[in-house]
Amino acid sequence: MDRNLTINKTGYVYATSLLQYRFHDKHPFNQMRLKLTTELLLETGHLNTSHIITPRIATDDELALIHKYDYIEAIKRGSRGILAFDEAEKYGLGSDDTSQFKDMHEHSARIVGGALSLVDAIMNGEIKNGCHLGGGLHHSLPGRANGFCIYNDIAVAAKYLETKFSQRVLVIDTDAHHGDGTQWSFYTDEKVLNYSIHETGKFLFPGSGHYTERGKDKGFGYSINLPLEPYTEDESFMEVFKSTLHNVAASFKPDIILSVHGSDIHYSDPLTHLHCTLDTLYHIPYVIKELADTYTDGKVIMFGGGGYNIWRVVPRAWSHVFLSLIDEPIQHGLLPPRWVHKWHHYCKTDMPTVWEDERLDYHEIPRKHIISEKNRKTASTINSWFV
């Protein structure tokens with residue numbers, strides 16, 4: 001096979017088995033959003049079987065690049081329903097948010113394996129870039145489940161890149177929630193820089209991510225946090241994002257980028273308080289793709305993350321993650337009619353029919369200028385570190 005043709009390909013991690021990462025039927029973390037996105041991309045004709053990478057199951061030693069062995073063993077016991085109540089509490093599995101479910105180890109390790117499959121394919125020159133929309137479990141800590149997340153696929157992939165391939169890794173996390181699990185996994189590490197732009201932890205889980213959290217020891221300066229005010233809108237989000245991210249990348253000089261694309265910054269997300277529209281969600285991956293083209297010879301892996309409006313927001317937003325990687329422009333006009341017709345029977349709200357954000361229940365924020373100014377001051381503080 002002509003290598004010059006191969007390395008321009010984009011990998012897309014998908015298998016129906018990824019849909020089995022599911023706590024219970026009423027849980028807000030619902031991998032149906034991955035199926036909806038994949039089928040939407042297939043209907044547009046942009047995604048085809050040549051892009052698909054089937055995820056493998058990560059080994060215990062690979063998981064242990066980040067996670068403690070006793071924690072991995074506890075997850076295995078939880079998979080079989082034999083984890084005692086006190087142990088479940090100890091390992092973060094004692095709440096309705098993050099609870100035990102059947103075969104949880106296998107389904108969680110497969111998500112990590114999907115990330116590692118992309119890493120190997122990129123580093124071996126088989127593909128140029130890729131996305132893993134079923135991943136992005138950035139809350140999981142080395143020894144504890146947290147925030148719907150069992151194993152941290154982003155952190156394991158970053159450590160795998162650092163140890164196996166000697167890569168400097170820039171993690172860009174645009175989920176509404178702070179990427180705490182990833183941050184704390186590399187808080188003393190100077191080879192992985194974690195940049196997280198998120199809603200302030202004053203009002204939102206996990207409560208961390210203040211701009212003063214900058215790393216420790218050798219890792220000081222390698223944690224960058226941009227906490228945004230509740231009800232931040234498109235213009236302010238993009239101003240802060242673009243004005244700080246390029247300074248970070250220029251200073252760190254990464255070899256590869258891992259990015260998290262939670263769509264829960266959308267104003268209609270039921271779990272958060274940011275006030276962005278699909279316009280911002282569409283543009284974010286293109287900014288990161290351009291950054292990768294500038295600093296890492298195009299090497300980037302984009303993950304899913306949060307997003308709990310699974311019908312009206314996630315499929316359209318995540319489609320643009322993949323579209324940015326294959327250099328297709330932002331879409332306009334009608335969604336594929338067959339996709340709309342197939343799913344509108346299951347949708348409990350108005351099924352979207354166009355790519356544009358209809359903003360059905362969008363309201364202008366009266367304190368917009370105050371919110372924007374507070375965000376601007378935070379960005380100014382971050383930028384002052386790179387002067």
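Serine 108 makes contacts with Tyr21, Phe101, Ile150 and Tyr151, leaving aside residues up to four places away in sequence. In this predicted model, the serine sits in helix 6, which runs over residues 104-123. Serine 108 counts as buried because its relative accessible area is 0%, and the cut-off for that label is under 20%. Aspartate 153 lies 45 residues from serine 108 along the chain, yet the two C-alpha atoms are separated by 8.7 Å.

Methionine 123 also belongs to helix 6. Its relative accessible area comes out at 22%, so methionine 123 is classed as partly exposed. Once residues up to four places away in sequence are set aside, methionine 123 touches Leu161, Phe165, Gln167 and Lys299. Tyrosine 71 makes a useful reference point here: methionine 123 and tyrosine 71 are 52 residues apart in sequence, and their C-alpha atoms are 29 Å apart in space. For serine 108 and aspartate 153, by comparison, a stretch of 45 residues goes with a C-alpha separation of 8.7 Å.

A few spots in the backbone deserve a look. Aspartate 103 has a positive phi of about 60°, although this residue is not a glycine. Aspartate 103 falls in the loop that links helix 5 (85-90) to helix 6. With 29% relative accessibility, aspartate 103 is counted as partly exposed. Tyrosine 231 is another non-glycine residue with a positive phi, in this case near 70°. The loop holding tyrosine 231 runs between strand 6 and helix 9 (234-252). Tyrosine 231 is likewise put in the partly exposed class, given its 41% relative accessibility.

There is a cis peptide bond to note as well. It joins phenylalanine 205 and proline 206, with omega at about 5°. Proline 206 is placed in the loop between strand 5 (192-199) and strand 6 (223-228). Strand 6 thus has a loop with proline 206 on one side, and the loop with tyrosine 231 leads on from strand 6 to helix 9.

Zooming out, the protein chain contains 13 helices and eight strands. Its C-alpha trace spans about 50 × 50 × 50 Å along the principal axes. For 387 residues, a compact globule would be expected to have a radius of gyration near 21 Å, so the 20 Å found for this chain agrees with that picture. Of those 387 residues, 60% are buried, serine 108 being one of the buried residues. Contacts across the sequence fit in here too: among those between residues at least 6 apart, 78% join residues at least 24 apart.

As for the surface, the chain has an accessible area of about 15400 Å², and carbon and sulfur atoms account for 51% of it. The chain carries 39 positive and 49 negative charges, and the mean positions of these two sets are 2 Å apart.

On the annotation side, an unreviewed UniProt entry marks residues 27-323 as "domain: Histone deacetylase". Within residues 27-323, the chain is 40% helix and 11% strand. The C-alpha atoms at the two ends of that stretch are 29 Å apart.

Conventions. Residues numbered from 1 in each chain as written. Predicted model: local features only at pLDDT ≥ 70, side-chain atom pairs only at ≥ 80, totals over all residues. Heavy atoms only, no water. Helix = DSSP H or I, 4+ residues; strand = E, 2+ residues; numbered from the N terminus. Rg over C-alpha atoms; globule rule 2.2 N^0.38 Å. Buried < 20%, exposed > 50% of the residue type's maximum accessible area, 1.4 Å probe, protein only. Contact = heavy atoms within 4.5 Å. Areas by Shrake-Rupley, 256 points an atom, 1.4 Å probe, with all protein chains shown as cover. Lys, Arg positive; Asp, Glu negative; His and termini not counted. Charge placed at Lys NZ, Arg CZ, Asp CG, Glu CD. UniProt positions renumbered as here; feature names shortened; annotations may be inferred.
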